[in-house]
Amino acid sequence: MVKIKEFRIVMPMSMEEYEIGISYTIMKMEQQNTNSKEGVEVLQQVPFEDEKLGKGQYTSKNYHLQSKIPSWMKGFAPASALTVHEESWCAYPNSRTVIKCPLFSKCSLTIDTVIRPDNGCSENAHNLTSEQLAAREVEVVDIASQSRDYWSKVISAPNVDLTAFRSQRTSRGPLLKGWMDSCRPVMTTYKLVIMDAPIWGLGERLEDCIIAGERALFLACHRLCFAWIDEWYGMTLDQIREMERQTDLLLKKTLKKPAKAGSKHDGKRKTLKEEIVAVGSCT
């Protein structure tokens, strides 16, 4: 049975700011989750043009994150078979992501994203048919929520308290009760997750598992996007594209080089820009 779930993630920023902020956040999270044994491998980043989406950027990645996969799933195959391949077509403010895993070749996971300058009130942002609307489940995700579930622990989601956070550069925050109705600027990313796992005896459990995991990733990523606003606020798209190029090189070098004793994050975490500069100075 195909499962359709729409996550509406409201953010205290403009659509223009979000394009910068979410790109920066994804790069920094990839850097923090990559070491000599596992992490994110960027295979390709090139421009594309599509009749439906328009012009944008195509990205292909492999995720070698076996330590974050539930133990019950690891019992099906060796770690190498659990590598996840992601293809993404981003033509901001719309995008499509397709995720595949060799072990579950019959399964399909698609994430369609639409971004709008509202507070999550668009009832059919993805222009779904009446049949799809009837099957769709909707959840509004509050980035200020302090709840943590099993999947938050699996992905090592940081414990960020946005009810006590205030941006020094923008004076935004803290995000208190009712913030989604009163915050300006505001925008929402509508993520439509479509999961199909036609595997007898396992399909429904796998579908629930993957969708719950995606929710945890969405929440962690968007919490950090706002928590790191003072790092990326004021950057330009040209700066982001250059950082993406440098981050790709950084990830490739990190995955290949052996781990050094005591090389885990010591002391205060660096910003992504500082990490890139530090690696560049050693080459």
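**Exercises on a predicted model**

**Exercise 1.** In this predicted model, what span should the 18 residues of helix α1 have at 1.5 Å a residue, and how far apart are its end C-alpha atoms?

Solution. Helix α1 covers residues 15-32. The expected span is 1.5 Å times one less than the number of residues. For the 18 residues of α1 this gives 26 Å. The end C-alpha atoms of α1 are 26 Å apart, which agrees with the expected span.

**Exercise 2.** How many of the 18 residues of α1 are buried?

Solution. A residue is buried when its relative accessible area is under 20%. In α1, 15 of the 18 residues are buried, so the helix is largely enclosed by the rest of the structure.

**Exercise 3.** Locate Phe 7, decide whether Phe 7 counts as buried or exposed, and list its contacts beyond four places in sequence.

Solution. Start with the element: Phe 7 is part of strand β1, residues 3-11. Next, the accessibility of Phe 7 is 1%; because buried means under 20%, Phe 7 counts as buried. Then look at the contacts. Outside its neighbours within four places in sequence, Phe 7 is in contact with Glu 139, Val 141, Thr 189, Tyr 190, Lys 191, Val 193, Ile 211, Arg 215 and Phe 218. Finally, take Leu 219: 212 residues separate Phe 7 and Leu 219 in sequence, while their C-alpha atoms are 9.8 Å apart in space.

**Exercise 4.** Is Ser 167 buried or exposed, and which side chain makes a polar contact with its side chain?

Solution. Ser 167 sits in the loop between α4 (150-154) and α5 (179-182). Its relative accessibility is 2%, so Ser 167 counts as buried. The side chain of Ser 167 makes a polar contact of 2.8 Å with the side chain of Thr 170. Leaving aside neighbours within four places in sequence, Ser 167 is also in contact with Arg 172, Ile 229 and Asp 230.

**Exercise 5.** Describe the second largest pocket: its volume, its lining and the kinds of residue in that lining.

Solution. The pocket holds about 420 Å³ of space. Its lining has 20 residues, and those nearest the centre are Lys 52, Leu 53, Ser 95, Arg 96 and Asp 112. Two or more lining residues come from each of β2 (39-50), β5 (94-100), β6 (108-116) and β8 (187-196). Strand β6 gives the largest share, four residues. Sorted by kind, the lining has eight nonpolar, six polar and six charged residues.

How values were computed:
Residues are numbered from 1 along each chain as its sequence is written. This is a predicted model: local features need pLDDT of at least 70, side-chain atom pairs count only at pLDDT 80 or more; totals for chains, interfaces and linings use all residues. Side-chain values use heavy atoms; hydrogens and water are left out. On a 1 Å grid over the protein atoms alone, a cavity is a set of points where a 1.4 Å probe fits but cannot get out, and a pocket is an open set with protein on both sides within 12 Å along at least five of seven lines; lining residues have an atom within 4 Å of a point. Grid points are joined across faces, edges and corners, and a volume is the space filled by probe spheres set on the points. Ala, Val, Leu, Ile, Met, Phe, Trp, Tyr, Cys and Pro count as nonpolar, Asp, Glu, Lys and Arg as charged, and the others, Gly among them, as polar. Buried means under 20% relative accessible area, exposed over 50%, partly exposed in between (1.4 Å probe, protein chains only). A polar contact is a pair of N or O atoms within 3.5 Å; within protein, one must be able to donate a hydrogen and the other to accept it, and residues adjacent in sequence count only if both atoms are side-chain atoms. Contact means heavy atoms within 4.5 Å.
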